[in-house]
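Hello,

Here is the structure I promised to pass on. My notes follow below it.

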There are 2 protein chains.
Amino acid sequence: MEQKESRRVQMTKLLLKTALIELMQEKPFRQITIKELCERADLNRTTFYLHYADQTDVLRDIEREIRDKTVDYMKNVGTDISTIGLIEAFLQYIKDNAKLFRTLFLSGEAEGFTQNFMGYALAEIKENLPYYGDELHEKYILTFLMNGSTHILIEWIESGFDLPASEVATLIYKLCDSVRDIAKE
Amino acid sequence: MEQKESRRVQMTKLLLKTALIELMQEKPFRQITIKELCERADLNRTTFYLHYADQTDVLRDIEREIRDKTVDYMKNVGTDISTIGLIEAFLQYIKDNAKLFRTLFLSGEAEGFTQNFMGYALAEIKENLPYYGDELHEKYILTFLMNGSTHILIEWIESGFDLPASEVATLIYKLCDSVRDIAKE
DNA sequence: TTGTAATTTCAACACGGTGTCGATTAACAT
DNA sequence: ATGTTAATCGACACCGTGTTGAAATTACAA
């Protein structure tokens with residue numbers, strides 16, 4: 001029996017999530033203590049253990065939320081749009097929520113989030129990408145493109161968005177596209 | 001005045017480094033305590049603080065050592081060799097030391113190491129790579145190639161080396177090479 | 001071989017975060 | 001108003017941390 005969480009519980013969790021995001025903007029994730037987190041959220045430490053096991057647990061919760069929101073957004077961008085347009089919309093979305101994504105991507109605890117998030121987010125885009133026929137090498141090629149693209153995104157965020165989203169989108173598309181022939185040899 | 005470390009100190013540090021590598025094969029880096037590390041190394045905890053500040057400090061030391069050894073190896077591969085040959089030699093070196101590199105790359109604490117290590121290791125190779133003329137986009141293209149290649153390597157390690165080194169080397173080379181034209185538009 | 005300096009050991013300490021109690025108070029829905 | 005659910009509070013034992021001062025051990029050179 002899946003029980004819906006009461007508004008009260010949702011609020012408590014929200015307080016904790018907000019507090020964590022705040023603290024992550026001030027110091028590395030790993031040196032944020034549960035004690036500290038609760039003080040910031042103005043909650044009793046015992047309450048924390050009622051909902052989460054540790055800091056990572058809270059972070060995963062945040063990440064799931066962001067991921068779902070982003071996927072939702074991507075789904076509603078429209079289907080009558082070019083692949084480059086899709087990528088651009090995605091990048092623009094990141095930029096529009098820069099503070100949040102900067103925190104998540106550059107937190108030092110990003111490893112897990114990055115893979116998961118990009119996996120979901122790019123699922124929408126992936127379908128529009130060319131198929132790389134080589135079965136043996138395909139997983140490697142996809143890994144290559146996925147992580148290459150991901151780190152362009154990260155560098156773009158780190159730079160403070162030194163290029164327009166459309167330009168980065170075009171670059172990523174071209175890079176992925178240029179690889180298309182590789183497998184056919 | 002740079003003082004050389006006594007053999008005794010070197011040995012103590014070696015014990016700690018060995019113990020850490022061992023423990024990293026048993027559990028995630030972040031839940032390895034200093035106490036535990038010293039017990040494994042059969043050293044007093046006080047001794048630890050004589051040489052290192054924390055676990056990360058030891059890890060960095062290991063990483064520097066491995067990096068230098070690898071760069072050394074790469075320098076002696078020979079100059080009269082193709083770029084693909086260079087990459088292959090590099091990959092083979094990883095494979096020959098699989099246990100160690102698996103631990104380092106997949107430790108969950110790999111983020112830092114990966115960037116640093118690949119930066120150095122691929123410096124040898126990079127010179128042989130084509131130059132991507134576009135100044136504005138060059139840093140992004142290099143990021144793309146670097147991280148794409150890096151994650152192919154990681155996936156190759158994770159897979160337990162399901163392809164011969166030569167094949168992976170060729171793939172990486174082709175992928176990087178295929179991007180050459182991008183900038184020229 | 002012996003003396004000296006460097007290194008490791010040991011016991012002890014205060015400190016702070018952790019996770020878990022049981023009991024109490026508050027919030028909320030019916 | 002009542003019963004259920006959630007949050008608070010104080011307290012507790014536990015464990016890892018980092019540092020201290022003194023003692024024991026080791027390395028090495030004279």
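**Salt bridges within chain B**

B:Arg64 and B:Asp61 pair through their side chains in a salt bridge, 2.4 Å from N to O. (A salt bridge here is a side-chain nitrogen of Lys or Arg within 4 Å of a carboxyl oxygen of Asp or Glu.) Before you read on: this is a predicted model, where local features need pLDDT of at least 70, side-chain atom pairs count only at pLDDT 80 or more, and totals for chains, interfaces and linings use all residues. Residues are numbered from 1 along each chain as its sequence is written, chains are lettered from A and ligands numbered from 1 in the order in which they are written, and side-chain values use heavy atoms, with hydrogens and water left out.

Back to the pair. Both residues, B:Arg64 and B:Asp61, sit in helix α4 of chain B, three residues apart, about one turn of the helix. (Helices are DSSP runs of H or I with at least four residues, strands are runs of E with at least two, and both are numbered from the N terminus.) B:Asp61 is buried at 11% relative accessible area. B:Arg64 is partly exposed at 42%. (Buried means under 20% relative accessible area, exposed means over 50%, and partly exposed is in between, with a 1.4 Å probe and protein chains only.)

In chain A, salt bridges with shared partners join A:Lys17, A:Asp61, A:Arg64 and A:Glu65 into one network.

The general idea is simple: side chains of opposite charge can pair when their charged atoms come close.

Next, B:Lys17 and B:Glu65. Their side chains form a salt bridge of 2.7 Å, N to O. B:Lys17 is in helix α1 of chain B and B:Glu65 is in helix α4 (residues 55-75), so the bridge ties together parts 48 residues apart in sequence. B:Lys17 is buried, at 14% relative accessible area. B:Glu65 is partly exposed, at 31%.

Then B:Arg40 and B:Glu26, with a side-chain salt bridge of 2.9 Å, N to O. This pair links distant parts of the chain, 14 residues apart: B:Arg40 lies in helix α2 (residues 34-41) of chain B, and B:Glu26 in the loop between α1 and α2. B:Arg40 is partly exposed, with a relative accessible area of 35%.

Over all chains, the structure holds 26 salt bridges.

**Between chain A and chain B**

How many residues of each chain are in contact with the other? 30 residues of chain A are in contact with 30 of chain B. (Contact means heavy atoms within 4.5 Å.) The two chains bury about 3000 Å² between them, 66% of it on carbon and sulfur atoms. (Buried area is the accessible area, with a 1.4 Å probe, that two parts lose on being put together, summed over both.)

Four salt bridges run between chain A and chain B. One of them joins the side chains of A:Arg30 and B:Glu109 at 2.9 Å, N to O. The rule also finds 14 residue pairs in polar contact across this interface, both residues at pLDDT 80 or more. (A polar contact is a pair of N or O atoms within 3.5 Å; within protein, one must be able to donate a hydrogen and the other to accept it, and residues adjacent in sequence count only if both atoms are side-chain atoms.)

On chain A, helices α7 (110-126), α8 (135-158) and α9 (165-177) each supply at least two residues of the side that touches chain B. The largest share, 15 residues, comes from α8(A). By class, that side has twelve nonpolar, nine polar and nine charged residues. (Ala, Val, Leu, Ile, Met, Phe, Trp, Tyr, Cys and Pro count as nonpolar, Asp, Glu, Lys and Arg as charged, and the others, Gly among them, as polar.)

B:Glu109 deserves its own look. B:Glu109 is in the loop between α6 (98-105) and α7 (110-126) of chain B. B:Glu109 is buried, at 7% relative accessible area. Its side chain also makes a polar contact of 3.2 Å with the side chain of B:Arg30.

**DNA strand C**

18 residues surround DNA strand C; the closest are A:Arg45, A:Tyr49, B:Thr12, B:Thr47 and B:His51. (A residue is near a strand or molecule if one of its heavy atoms lies within 4 Å of it.) A polar side-chain atom of A:Tyr49 lies 3.0 Å from a phosphate oxygen of the strand. For the side chain of B:Thr12, an N or O atom is 2.2 Å from a phosphate oxygen. The largest share of the surface near the strand, four residues, comes from α3(B).

Best wishes
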